[in-house]
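Me: I've got a model open and some of the labels on it puzzle me. Could you walk me through what earns each one?

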Amino acid sequence: MALYPLPIARYTVAAFAVLFFLVIPLMLHEYFLSVANLVWIAVIGALGLNILVGYTGQVSIGHGAFMSVGAYTAANLATRLDSPWPVNLVAGGLMAALIGAIVGIPSLRIKGLYLAIATLAGQLIIEWTINHVTFISGGVQASIEVARPRLGPYVLSSQRDMYYFLLFFVVLAIVGTMNLMRSRIGRAFIAIRDQDIAAEIIGINIFRYKLLAFAVSSFYAGATGVLYTYFLGIANYEQFQIGVSIDYLAMIIIGGLGSVLGSIFGAVFVTLLPIVIRYAMEAVSGVFFSQATVLNLIPALRLTLFGALIIVFLILEPEGLNRLWRNIRSYFRVWPFAY
Amino acid sequence: MRKSLTALIAIVVAIAGIVGSVPSASAQSKGEIVIGLQCDRTGATQIVGTVLCPAFHDYIALINSKGGVEGYKVKALEIDHEYKVPPGVEAYERHKKEGAVTMAIYGTPHIYALAAKLTEDRIPGTSPGFGSAAAADGTRYPYIFPIAATYWSQGAAAVDFVKKQLGGNLKGKKIAFIFYDNPAGREPIEVIEALAAKEGFQLKTFAVPPPGVEMGAQVLDIAQRFRADYVIGHLFGGAPGVSIKEFKRVGYPLSKFVSFVWGAAEANIEAGGGFAAAEGYHAMQFAGVGGDYPVLNEIREMYKKEGKQPPKEMASTVFYNRGVLIAALHVEAIRNAVKDKKGGKITGEDAKKGFEKISNFTLGGLVPPLKVTPQDHEGGGLVQIWQVKGGKFVKETDWFAAYQDVVAKHIKEAAAKK
């Protein structure tokens with residue numbers, strides 16, 4: 001069965017491919033590409049978390065820590081063994097998958113909020129370990145510099161290079177997730193989410209699939225961490241603290257649990273909204289207030305507006321931006337008749 | 001459904017309209033030099049940012065009111081990053097787009113995250129009072145400028161100060177080091193350990209786990225079990241205030257406590273119960289303290305001319321003066337660069353050379369007599385110690401740096417390691 005049975009869907013995907021691979025990177029200033037790069041990193045991470053939380057129904061507050069596992073694995077390999085980035089990327093993902101599966105063991109006994117707290121413990125333990133074990137962290141500063149990734153003789157360093165580098169993995173992650181969810185494994189995940197006892201009765205090995213969900217999700221997280229490390233040129237433990245885990249949870253809840261498009265929407269929304277709000281306020285606020293007030297006002301108002309908009313969108317559509325988008329689509333599909 | 005959808009579409013269109021209409025400021029338009037300023041007015045360290053950033057702008061405004069730098073106007077473009085890394089990266093790229101020639105980075109994780117970019121883009125970035133101490137080595141990190149005493153220099157200065165306080169000999173003395181348990185907190189330990197071996201004192205370290213509000217056990221241990229002769233504190237955020245309260249509670253004299261630069265502001269003392277409670281507390285500073293400097297009078301004058309009261313941030317002199325110091329050093333670097341370029345437009349590379357020419361620029365005592373060179377981006381690692389006495393900070397020592405050979409050895413080792 002094809003991913004896109006309708007021709008219009010195929011054309012749309014082709015149009016998006018042209019837009020993202022040619023129009024955006026070749027037309028826009030590097031600054032906008034740097035913003036896009038931050039979005040791409042968030043998209044991969046959000047997809048991974050959505051596999052666990054949205055599709056399998058296991059709440060996790062340890063996503064940031066799994067990212068750091070990937071980041072430090074890759075950074076250590078890169079500096080100690082001088083291994084190339086594709087190896088580091090896979091190794092970082094696998095190491096994160098392993099640690100993720102271990103942190104996920106309590107999920108066999110506990111659910112919901114209790115599991116959330118157990119994964120929170122995982123986050124804190126991993127943070128502490130990286131912070132204190134100098135073998136992993138590479139010294140008291142807990143930061144390891146890595147060289148820029150290279151393709152043959154070409155070093156990827158500008159934001160435009162990074163854009164293509166990251167976009168490639170975004171596409172891979174999206175296609176991978178979509179296919180995973182159509183497979184036996186994906187169906188098992190969804191069955192566990194909807195009713196785990198029923199799932200067990202129809203022959204799904206809960207032990208295996210729950211841990212697999214943690215492992216797959218953490219693999220995405222680890223890969224995100226590696227990509228982030230290559231994007232910045234350094235692995236630093238302060239970039240993966242608990243706030244990051246919360247940010248990713250916010251992304252998938254706003255975007256829509258259990259949907260690929262929702263993860264993308266959420267990542268775009270959470271990353272771009274503060275920037276868009278700042279641009280908008282820089283444009284208008286100067287009319288009303290003095291310069292010094294504006295400088296104090298913009299950050300404060302931006303935070304408030306960000307929070308308020310999240311609440312507005314969640315009240316408007318509790319199932320997230322993905323559902324909102326589907327409603328809009330359905331509305332225009334039968335337009336001008338009422339939906 | 002239909003109504004809310006219509007409303008939603010209207011909102012989206014409105015936002016798009018506003019964003020589209022933003023006038024895109026042309027990069028480094030004629031006669032204007034841009035400084036990229038990262039701030040944290042809303043995040044974990046807002047206690048610093050809400051004072052430091054207005055001070056930065058005040059100094060820039062003062063310079064512009066006096067005709068700018070060699071005829072050029074200076075513009076500090078501020079972006080708040082909530083002490084989060086991705087917004088910091090975005091802020092950096094935005095500043096680059098607007099043509100910034102120097103970057104005032106704020107935050108340890110941020111200077112790490114941007115280290116590679118700064119070097120690739122050849123734009124100098126400053127990390128005063130935080131960041132990696134190894135960055136003092138200008139040959140290893142050509143585009144990072146700590147421009148103030150790093151944690152290694154602070155540790156060396158603290159030990160030197162303690163030595164003088166304890167009568168010039170540390171042999172057999174017990175010194176406790178209480179620190180915030182994160183990379184920045186642990187950074188000075190290696191230097192202090194080296195000095196313990198050199199001077200023959202007994203060192204014991206006490207970690208305070210983040211967020212740094214629980215330290216009762218550690219303080220009790222220092223005061224009653226270890227019975228330290230002197231305590232060196234290296235805490236951030238709310239932790240210095242808590243430490244003052246805890247040492248008070250166990251009856252340890254604060255006159256035997258010297259704090260690193262992030263536990264040294266009025267706000268920290270007030271959080272610890274006020275100046276009366278903290279009597280005797282020693283605080284290390286990388287900028288002058290108090291409101292009695294010519295440059296501050298000029299800023300007050302400037303406000304007066306506009307018919308306004310001086311800003312309330314000026315009352316918090318420690319952070320305010322640091323903001324002025326950072327701004328002044330950026331302006332000074334730009335001034336040096338413009339002079340060298342003789343009228344041409346300066347680039348980040350020129351500004352880097354400008355930083356490396358800063359020497360004996362003291363702003364009437366607010367700034368230490370730094371000497372920044374292509375090798376030494378720290379500028380000498382000078383600090384002053386101020387003591388809480390009679391309701392205010394009183395200067396105890398003049399600018400000094402200590403054990404520079406030991407610090408230099410560590411910088412060299414760090415550079416060789418990578």
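Me: Let's start small: where does P211(B) lie?

Reply: P211(B) sits in the loop between strand 7 and helix 8 (216–226) of chain B. Helices (H or I, at least four residues) and strands (E, at least two) are DSSP runs, numbered from the N terminus. A word on the source: this is a predicted model, where local features need pLDDT of at least 70 and side-chain atom pairs count only at pLDDT 80 or more, while totals for chains, interfaces and linings use all residues. Residues are numbered from 1 along each chain as its sequence is written, and chains are lettered from A and ligands numbered from 1 in the order in which they are written.

Me: What is omega for the peptide bond from P210(B) to P211(B)?

Reply: Omega there is near 5°, and the bond is cis. Chain A has a cis bond as well, from W335(A) to P336(A), with omega near 10°. P336(A) is found in the segment after helix 14 (321–333) of chain A.

Me: Why does E70(B) count as partly exposed?

Reply: Count the C-beta atoms, placed from the backbone, within 10 Å of a residue's own: 20 or more others make it buried, 12 or fewer exposed, and anything in between partly exposed. E70(B) has 14 such neighbours, so it lands in the middle class. R122(B) has 15, so it counts as partly exposed too. Phi is positive in both: near 50° for E70(B) and near 55° for R122(B), neither of them a glycine.

Me: How do you know that strand 1 and strand 2 of chain B pair?

Reply: Pairing takes at least two bridges found by DSSP between two strands. Strand 1 (residues 32–39) and strand 2 (residues 73–80) of chain B are joined by eight and run parallel, so they qualify. I33(B), for example, stands opposite V74(B) in strand 2 of chain B.

Me: What makes the crossover between them right-handed?

Reply: Point the strands away from you: the path from the first strand over the helix to the second has to run clockwise. Here the chain goes from strand 1 of chain B through helix 2 (residues 46–65) to strand 2, and this β-α-β crossover is right-handed. E70(B) lies in the loop between helix 2 and strand 2 of chain B.

Me: Why do strand 7 and strand 12 of chain B stand at the edges?

Reply: The open sheet in chain B has seven strands in the order 7-6-8-9-10-11-12, with mixed pairing. Strand 7 (202–208) and strand 12 (392–395) each have a single partner strand, so one side of each lacks a neighbour in the sheet. Strand 7 of chain B is joined to strand 6 (residues 174–180) by seven bridges, running parallel, and A207(B) is the bridge partner of F179(B).

Me: How do you know that the radius of gyration of chain A agrees with a compact globule?

Reply: The radius is taken over C-alpha atoms, and the globule rule is 2.2 Å times the number of residues to the power 0.38. For 339 residues that comes out near 20 Å, and chain A has 21 Å, so the two agree. Buried residues make up 47% of chain A.

Me: Last one: how many residues of chain B are in contact with chain A?

Reply: Contact requires C-beta atoms, placed from the backbone, within 7 Å. By that test, 40 residues of chain B touch 43 of chain A. Helix 3 (85–97) of chain B supplies the largest share of chain B's side, nine residues.

Technical notes. Contact = placed C-beta atoms within 7 Å.
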